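Load the model in your viewer and set it to cartoon. The stops below go from strands to side chains.

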Amino acid sequence: MRSRCQSRARALRFAPAFALLAFLTLAPRAAAPACAQVIRGVVVDSASQRPLTGVLVVVTDSAGRDVQRAMVDTNGEFEFLARVPGWYAVRAERWGMSAKAVERVDVAAGDTVSLRLVLVQLPINRLVEEVGKIVDLSDREPPPEDDIGGGSTTELGIAYTEGGGVIAGRVRETDDVRGEAGGRVGLVAVGLAVEVDSEGWFVIPGLPEGTYPLTYLRPSLGGLDWDYSLTDAVVRLGDTTTVTLRPAHPHRVMARACGLDQWKPYTGVLEGQVLLPVSGLAAQGIRVVAEWFEAGTINPGGVGGTVMTAVAQTNEMGTFRICGIPTDRTTVEVTAGERTTRVSATTTMSDEKPVVKMTLQLPRRPGSGR
C-alpha cells in the first residue's frame with residue numbers, strides 16, 4: 001500500500017562552496033514524518049575517512065528524474081525524504097574529486113536507509129584544466145603580479161587559471177615533533193588537500209575568492225586533523241596569499257578529537273566502521289569491544305598483567321571511535337555485534353601510527369536470527 005506520509009525535503013546546510021554551485025537554492029531543515037521513507041548518509045574522503053563539505057548530492061528516481069539536488073551539511077551529511085517507496089539512485093559530486101554513485105537504493109514504506117559515500121581525490125594532472133598545474137618549486141619567491149591571472153606561466157612553473165586566487169607557503173614543524181613524509185595541507189571548509197615537498201613548501205592555485213581555514217594533515221593521524229584549523233587564508237582573485245603553517249602537536253589533535261583536555265602519552269585512537277552483510281550499508285547501534293593485554297612487572301612466577309577492555313557503539317553512519325589504547329606495539333582484538341552476528345579482527349597500535357582505522361562487516365543482520 002502506498003504511504004500517506006507527506007513528502008518534505010530536509011535542508012542540507014553547507015560551508016561556503018565554489019561559485020559553480022552558488023545557484024543552488026536550499027530549504028530549511030525539516031523534521032521527518034514518523035512514517036516517511038528516508039535516505040540519509042555521509043560523504044567522506046577516501047584517504048582520511050573524514051566527512052567532506054562542499055559536496056553536491058543528487059537523488060534520482062526510478063524514472064531517471066532528479067528529485068533532489070542539495071549540498072551536504074557541515075558534518076558531510078545529507079538526508080532525503082522520499083515521496084513514495086521504491087528505488088532511487090544517489091550521486092555525490094565535489095570539485096577536485098571523483099564522483100560516487102549508488103545506482104540503486106531500495107526504500108520500503110516507512111524505511112530508513114543509511115549510506116556512506118567515499119570520494120577519491122583526483123591527482124593533480126587531472127585537475128590541470130580547472131586549477132592549474134604545479135611543475136617546479138625550485139624558485140621560492142612569490143610570482144610577480146604581472147604574471148598572475150592571464151593563464152600565463154611564471155618562474156615558479158605554475159599555470160594559473162584566469163582570475164583564480166593562490167595560496168602559497170611553507171609548513172614549519174616545531175623542534176619537539178618528528179617530521180613525516182607525505183604530509184598535506186588541506187582546506188578545511190572544502191576538503192581539498194595538496195602535498196608539500198621535501199622542504200615543506202606548497203601551492204594551492206585556482207581558488208575562488210574567499211576565506212579558507214587551513215590545516216596540516218599528518219599521515220600518522222589518519223585524518224583526525226582534517227578539521228583542526230591552524231590559520232585562515234584570505235584569497236582574492238588574481239592574487240597570491242602567502243602563509244606559514246606551524247602544525248599542532250599530534251597529542252593536541254588526538255585530545256581534541258576525543259574531547260579531552262590533555263592526552264596521555266604513548267596511547268592512540270582506534271576508529272572504524274561496521275557494515276551490514278551483503279548490502280554494505282551502515283550498521284547503527286552495534287556494540288564494539290576492544291581488548292588488549294597490558295603487561296605488569298616481571299616476578300619469579302612469570303609476567304603479570306591485565307586484560308583491558310574498552311567499549312563503544314556505532315552511530316547512525318556505522319562509525320565508532322575508541323581513545324587511549326597503548327601504542328607500544330599493542331595487539332588489539334576488536335569485536336562488533338553479539339552472538340551469531342559477531343565479527344572480530346585484530347590490529348596493532350604503535351607510536352609511529354597512533355591512529356588506526358578498520359572496517360568490520362557483520363556476517364548476519366542484527367535480529368535476523370539467521
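Two strands count as paired if DSSP finds at least two bridges between them. Keep that cut-off in mind for the opening stop. Note also that this is a predicted model.

**Stop: a strand pair.** Select residues 184-187, which are strand β11. Strand β11 runs antiparallel to β12, and 3 bridges join them. That count satisfies the requirement of at least two bridges. Now show side chains at R184 and at E195 in β12: the two residues stand opposite each other.

**Stop: the sheet around it.** Widen the selection to the open sheet of 4 strands, ordered β12-β11-β14-β15. Its pairing is antiparallel. Which strands stand at the edges? They are β12 (193-195) and β15. Each has a single partner strand, so one side of each lacks a neighbour in the sheet. From one strand to the next, the twist averages 30 degrees.

**Stop: a loop residue.** Follow β14 (210-217) out towards β15 (231-235); S220 is in the loop between them. Is S220 buried or exposed? Its relative accessible area is 9%, and buried means under 20%, so S220 is buried. Select what is in contact with S220, leaving aside neighbours within four places in sequence: E180, E352, K353, P354 and V355.

**Stop: a helix and its cover.** Select residues 250-257, helix α2. Colour its buried residues: P250, V253, M254 and A255. In an α-helix, residues three or four places apart point the same way, because there are 3.6 residues a turn. Next, show β17 (267-275) and β23 (355-361), which are included in what covers the buried residues of α2. Then step just past the helix to G259, where phi is positive, at about 70 degrees.

**Stop: an aromatic pair.** How many aromatic pairs does a search of the whole structure find? It finds 1. Select F80 and Y88, which form an edge-to-face pair. Their ring centres are 5.8 Å apart, with 70 degrees between the planes. Both F80 and Y88 are buried.

**Stop: the whole chain.** Zoom out. The chain holds 2 helices and 23 strands. Of its 370 residues, 47% are buried. Turn on the surface: the accessible area is about 18,800 Å², and carbon and sulfur atoms account for 47% of that. Finally, draw the contacts with a separation of 6 or more. Residues 24 or more positions apart make up 63% of them.

Note on methods:
Residues are numbered from 1 along each chain as its sequence is written. This is a predicted model: local features need pLDDT of at least 70, side-chain atom pairs count only at pLDDT 80 or more; totals for chains, interfaces and linings use all residues. Side-chain values use heavy atoms; hydrogens and water are left out. Buried means under 20% relative accessible area, exposed over 50%, partly exposed in between (1.4 Å probe, protein chains only). Contact means heavy atoms within 4.5 Å. Accessible areas come from the Shrake-Rupley method with a 1.4 Å probe; for residues, only the protein chains shown count as cover. Rings of Phe, Tyr and Trp (its six-membered ring) pair if their centres lie within 6.5 Å; planes under 30 degrees apart count as stacked, over 60 as edge-to-face and the rest as tilted. Axes are lines fitted to C-alpha atoms, for helices over the stretch in contact, and angles run from 0 to 180 degrees between N-to-C directions.
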